[in-house]
Amino acid sequence: MNTIITDPSAASRREFLKTTTKTAAGLSVLSGISLPHVHAAGSDEIRTALIGCGGRGTGAASNAMGIQQRVTRLVAMADVSEKRLKGSFEALTAKHPDRMSVSEDSKFIGFDAYKHAIDSLRKGDVAIFTTPVAFRWVHFKYAIEKGVNVFMEKPICTDGPTARRLLALNEEAKKKNLKVGVGLMCRHCRVRGELFNRIQDGEIGDLLMMRAYRMQGPIGSAFTLPRDPKVDTNELQWQIQRFHSFLWASGGGFSDFNIHNIDEACWMKNDWPVEVQASGGRSDRGDYIDQNFDHYSCEYTFKDGAKLFLEGRTAIGTHNQFATQVHGTKGSAIVSTAGHFPSKAMTFNSQKMQRSNIIWRGKQPEPNPYDLEWQDLIAAIVADKPYNEVERGVKSSVTTAMGRAAAHTGQVIRYDDYINSPFEFSPGVDKLTMDGPAPIIADANGKYPVPQPGILKDREYAMEPQANPFPLIPMAPAPVEEPLSPPERQKPAAKKKEAKKA
Ligand SMILES: NC(=O)c1ccc[n+]([C@@H]2O[C@H](COP(=O)([O-])OP(=O)(O)OC[C@H]3O[C@@H](n4cnc5c(N)ncnc54)[C@H](O)[C@@H]3O)[C@@H](O)[C@H]2O)c1
């Protein structure tokens, strides 16, 4: 293994239809087309480099190597943890012995290991970004410089500055005709695609309300007990390995987990919310010292007044639900039933989602969307068709982040204000070093700052000035509607009296 520490010191439904393209029977435009052999690098093989060799990274690399349209090879791996890289390498070698081409010299450890992995690729190959989201823009910037295609996991940003940076970088990616996939795999689900078309065709009327649930027990690394410095000697590494616990690294469990359900609800609405209000709290956190709330409740509002309610909870002994449902003027629909896959999507001719009211149900069994998102990306590369999911990924990530920020500050937050806000969780993330300090430090009691809604209204947690490079921003106040004037209020009653008289 190349263990060089590469780091130097170590509107209405129809209106929407005019502006968006429907999915052809829920299928990718590229599906079923016989693909010409036009790989940019002059070879039939498409090579990938994995940056972030954890659970999802290993899964994504495996999905990529499972592609049948074209031979895909993994040629380089990068991580900040040698142990994680080794585990991933062994698992992938066992599963894809014929497609693994990662030599010892192509395994890189460190904060700039990503550069070496990307340097192993040729134009037209694919870099896979599956680190915590904090590093997304850093890695994307370099991949664009090098002219390689990208698959990046969700979320892709957690605050305004990183959202804007990604959009600006993406303009460069588009100029270079790079293909960029974003890991919101449910967007590639064929059954949900058919549901979207049915909803846009008016099968259940105009959508007025959507409900998204991600309610479960403790999940991922979102619950963290104090670090034992004898075991976990490096605070930064420990925070990165427990990234769901630290807002700078992941946007917390909220951004990392709730995004899928928020995204698929917005997809069905074919729009993005303009504002959100939310609440949440730490009611059962015990000795855990991470920065998450254990329950969140958000009310998103769309420009036509429609609502999306999100319930997010991580608590033992409570009702579990992992689903998205939508309600229209003529009926309702299930977008996802119990997880990401299978969706078991269906439409109903009533608000009651019961068997006797079913209009349509998605064909079973459903193909795995984690495979489909790779089939679609590779098909676009092979056919050299435009393929870029970054703008949608940014909108989805910002919509999610503003819900989190609304709960954490107790303020109403508008989409436009949030994406233009200067608040950045980790401005120096591109300069982190293996032995350097972590972006957030614990207090004398070993506790990290947590959100204090209503007390801290302009940032998501308290930061010591010396440890706090983040500017404070006043979040926009809630839009106040003009109150009805007294005469207007009295009008209906007065009319009633007159009617009675008549
Ligand atoms: N689409 C999905 O359904 C889905 C599912 C799981 C995870 N994800 C996303 O994938 C990403 C990773 O999640 P995971 O569950 O695999 O986490 P993980 O902790 O298992 O893996 C993350 C890996 O990245 C490495 N890493 C961290 N910072 C790095 C850096 N700067 N350079 C190189 N390597 C670095 C870590 O050491 C670790 O091996 C997250 O953004 C998460 O939201 C998506």
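# Why call it that? A walk through the helices and the sheet

Guide: In this predicted model, the axes of helix 2 and helix 11 come within 9 Å of each other and cross at roughly 60°.

Visitor: Why are helix 2 and helix 11 called oblique to each other?

Guide: Roughly parallel needs an angle under 35 degrees, roughly antiparallel one over 145, and roughly perpendicular one from 65 to 115. The crossing of helix 2 and helix 11, at roughly 60°, fits none of those, so the pair is oblique. The crossing is also right-handed.

Visitor: Which residues make the contact between helix 2 and helix 11?

Guide: From helix 2 you get G59, N63 and A64, and from helix 11 Y370, D371 and W374. By class that contact has 3 nonpolar, 2 polar and 1 charged residues. If the polar count puzzles you, glycine is put with the polar residues here.

Visitor: And what makes helix 5 roughly parallel to helix 6?

Guide: Helix 5 (residues 136-146) and helix 6 (residues 160-175) pack at an angle of about 10°, with axes 10 Å apart. The cut-off for roughly parallel is under 35 degrees, so helix 5 and helix 6 earn the label. Their crossing is left-handed. W137, F140, K141 and I144 of helix 5 meet T162, R165, L166, L169, E172 and A173 of helix 6. Sorted by class, this contact has 6 nonpolar, 1 polar and 3 charged residues.

Visitor: Over to the sheet. What makes strand 15 and strand 16 edge strands?

Guide: The sheet is open, with 9 strands in the order 15-14-13-12-8-11-10-9-16 and mixed pairing. Strand 15 (358-361) and strand 16 (413-414) each have a single partner strand, so one side of each has no neighbour in the sheet.

Visitor: How do you know that strand 12 and strand 13 pair?

Guide: Pairing takes at least two bridges, and 4 bridges join strand 12 (residues 321-328) to strand 13 (residues 332-336), so the pair qualifies. Strand 12 and strand 13 run antiparallel. V326, for instance, has A333 in strand 13 as its bridge partner.

Visitor: Which helices pack on the sheet, and at what angles?

Guide: Helix 10 (residues 252-269) touches strand 8, strand 10, strand 11, strand 12 and strand 13, and its direction makes about 155° with that of strand 8. That value is over 145, so it counts as roughly antiparallel. Helix 12 (residues 390-409) touches strand 9, strand 10, strand 11 and strand 16, at about 55° to strand 9. That value falls outside the other ranges, so it counts as oblique.

Visitor: Which peptide bonds are called cis, and what is omega there?

Guide: The bond joining F341 and P342 is cis, with omega about 0°, and the one joining Q364 and P365 is cis with omega about -5°. P342 sits in the loop between strand 13 and strand 14, while P365 is in the loop between strand 15 and helix 11. Most peptide bonds are trans.

Visitor: What is notable about phi of N177?

Guide: Phi of N177 is near 60°, a positive value in a residue that is not glycine. Most such residues have a negative phi. N177 lies in the loop between helix 6 and strand 7.

Visitor: Last stop, the ligand: how many residues surround it, and which are closest?

Guide: It has 26 residues around it, with G52, G54, R56, R84 and E153 the closest. Helix 2, strand 3 and helix 4 each give two or more residues to that shell, and helix 2 gives the most, with 3. By class, the shell has 12 nonpolar, 8 polar and 6 charged residues.

Notes
Residues are numbered from 1 along each chain as its sequence is written. This is a predicted model: local features need pLDDT of at least 70, side-chain atom pairs count only at pLDDT 80 or more; totals for chains, interfaces and linings use all residues. A residue is near a molecule or strand if its C-beta atom, placed from the backbone, lies within 6 Å of it. Axes are lines fitted to C-alpha atoms, for helices over the stretch in contact, and angles run from 0 to 180 degrees between N-to-C directions. A crossing is left-handed if the near helix is turned anticlockwise from the far one by less than a right angle, and right-handed if clockwise. Two residues are in contact if their C-beta atoms, placed from the backbone, lie within 7 Å.
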